[in-house]
Amino acid sequence: MTSSPADISKFCPDIAILAGVATDRLDALGWLPETLDGVLLEKPLASSYSDGVELASELIRRSTFVQVGYNLR
């Protein structure tokens, strides 16, 4: 367990789940290593169309496998 985003990259996870507030998705992706194999994104993908395009472009650039899911709370 960690309380620091910088520690996440040091851990070098193979996959990650990005959930919670959609406005934080781009920042959270920046904390993850470039070598990430897969990401499960909680819906909505982003808080705006332009943020969604930026997020998708970054994931494509990284060649990361992506799944989008819905968490019914």
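Val 21 is exposed, with a relative accessible area of 51%, which puts this residue just on the exposed side of the cut-off, since exposed means over 50%. In this predicted model, Val 21 sits in the loop that links β1 and α2. Follow the chain for 21 residues from Val 21 and Glu 42 turns up; in space, the two C-alpha atoms are 9.2 Å apart.

Now for the chain as a whole. It holds three helices and three strands, and reading along the sequence gives the pattern α-β-α-β-α-β. The C-alpha trace spans about 30 × 30 × 15 Å along its principal axes. How does the radius of gyration of the chain fit with a compact globule? For 73 residues, such a globule would come out near 11 Å, and the chain has 12 Å, so the two agree. Contacts tell their own story: taking those with a separation of 6 or more, 54% are between residues 24 or more positions apart.

What about inside and outside? Of the 73 residues, 27% count as buried. The accessible surface of the chain adds up to about 5,100 Å², and carbon and sulfur atoms own 60% of that.

On the inside, the largest nonpolar core is made of 10 residues. Leucines in this core include Leu 18, Leu 29, Leu 32, Leu 36, Leu 41, Leu 55 and Leu 59, and among the other members are Ala 16, Ala 28 and Val 39. Two or more of these residues come from each of the elements β1 (15–18), α2 (25–31), β2 (38–42) and α3 (49–61).

Leu 41, one of the core residues, is a handy place to look at what packs against what. Leaving aside residues up to four places away in sequence, Leu 41 touches Leu 18, Leu 55 and Leu 59, and its contacts also include Arg 25 and Gln 67. Leu 18, Leu 55 and Leu 59 are themselves members of the core. Val 66, Val 68 and Gly 69 are on the contact list of Leu 41 too.

Val 66 leads back to the outside. This valine lies in strand β3, which covers residues 65–69. Is Val 66 buried, partly exposed or exposed? Its relative accessibility is 30%, so Val 66 counts as partly exposed. Together with Leu 45 and Val 68, Val 66 makes a nonpolar surface patch of about 200 Å². So Val 66 both helps make that patch and touches the core residue Leu 41, while counting as partly exposed because its relative accessibility is 30%.

Conventions
Residues are numbered from 1 along each chain as its sequence is written. This is a predicted model: local features need pLDDT of at least 70, side-chain atom pairs count only at pLDDT 80 or more; totals for chains, interfaces and linings use all residues. Side-chain values use heavy atoms; hydrogens and water are left out. A nonpolar core is a set of buried Ala, Val, Leu, Ile, Met, Phe, Trp, Tyr and Cys residues joined through side-chain atoms within 4.5 Å. Buried means under 20% relative accessible area, exposed over 50%, partly exposed in between (1.4 Å probe, protein chains only). Helices (H or I, at least four residues) and strands (E, at least two) are DSSP runs, numbered from the N terminus. Contact means heavy atoms within 4.5 Å. Patches are made of residues with over 30% relative accessible area and no salt bridge: like charges are joined within 9 Å, nonpolar side chains (Val, Leu, Ile, Met, Phe, Trp, Tyr) within 5 Å. Accessible areas come from the Shrake-Rupley method with a 1.4 Å probe; for residues, only the protein chains shown count as cover. A salt bridge is a side-chain nitrogen of Lys or Arg within 4 Å of a carboxyl oxygen of Asp or Glu. The radius of gyration is taken over C-alpha atoms; the globule rule is 2.2 Å times the number of residues to the power 0.38.
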